[in-house]
Amino acid sequence: MSAINASSQIAKVNDELGLVFGYAVVCKELDLSKAAGERVLVEHYDTQGHHIPEEVMLKAATDFALNSRASKDMHKGETVQTAVFNFPMTEEIAKALGITIEKSGWLIALKPTPEILAKYKSGEYTGFSIGGTGQLEEAA
């Protein structure tokens, strides 16, 4: 088992509520090389070359929502953030909801301490620290 960089991405910081919104995991993203009007989502790979399939993300997001919702300061120390919102947006779920997406993955909103919120606002933190481990498997 090893820690996996899930290529999380911050989308918005809400000062009033003290929340940070974004993707805890990006599974697929729009292939911009396709012809105009052709919308194809392709596998997303993080900077370490890892891809997390939608079905794996869905199981992890479910377990996190049911059993944890806690997050540390970039995987270190005590809990400094709590997941307030947690939603798996797969291609299939988006289609069922009538939503057109450019990315599939795990949408999340964390409520960090004021000190950690300041790091998101300043741009020092550009991703989330959800934590977890996984088993790397060779692609078929």
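## Exercises on a predicted model

On the other side of helix 3 from its buried residues, Pro114, Glu115 and Ser122 are exposed. Exposed means over 50% relative accessible area, buried under 20%, and partly exposed in between (1.4 Å probe, protein chains only). Helices (H or I, at least four residues) and strands (E, at least two) are DSSP runs, numbered from the N terminus.

This is a predicted model: local features need pLDDT of at least 70, side-chain atom pairs count only at pLDDT 80 or more, and totals for chains, interfaces and linings use all residues. Residues are numbered from 1 along each chain as its sequence is written, and side-chain values use heavy atoms, with hydrogens and water left out.

**Exercise 1.** Find the buried residues of helix 3 and explain why they line one face.

*Solution.*
- Step 1. Take residues 114-122, which make up helix 3.
- Step 2. Pick out Ile116, Leu117 and Tyr120, which are buried.
- Step 3. Look down the axis of helix 3: the buried residues fall within an arc of 105°, so they line one face of the helix. The arc is that of the directions from the helix axis to the C-beta atoms.
- Step 4. Recall the general rule: an α-helix has 3.6 residues a turn, so residues three or four places apart point the same way.
- Step 5. Move just past helix 3: glycine 123 has a positive phi of about 90°.

**Exercise 2.** Decide whether serine 8 is buried or exposed, and list its contacts beyond four places in sequence.

*Solution.*
- Step 1. Locate serine 8 in the segment before strand 1 (9-14).
- Step 2. Read its relative accessibility: at 17%, serine 8 counts as buried.
- Step 3. Leave aside neighbours within four places in sequence. Serine 8 then contacts Tyr23, Ala24, Thr126, Gly127 and Phe128. Contact means heavy atoms within 4.5 Å.
- Step 4. Check cysteine 27, which is 19 residues from serine 8 along the chain: their C-alpha atoms are separated by 9.9 Å.

**Exercise 3.** Describe how strand 6 is covered and how strand 2 joins it.

*Solution.*
- Step 1. Place strand 6 at residues 103-112.
- Step 2. Count its buried residues: 7 of 10, so strand 6 is mostly covered.
- Step 3. Turn to strand 2 (residues 19-30). It runs antiparallel to strand 6, and 8 bridges join the two. Two strands pair if DSSP finds at least two bridges between them.
- Step 4. Find one facing pair: glycine 22 stands opposite isoleucine 108 in strand 6.
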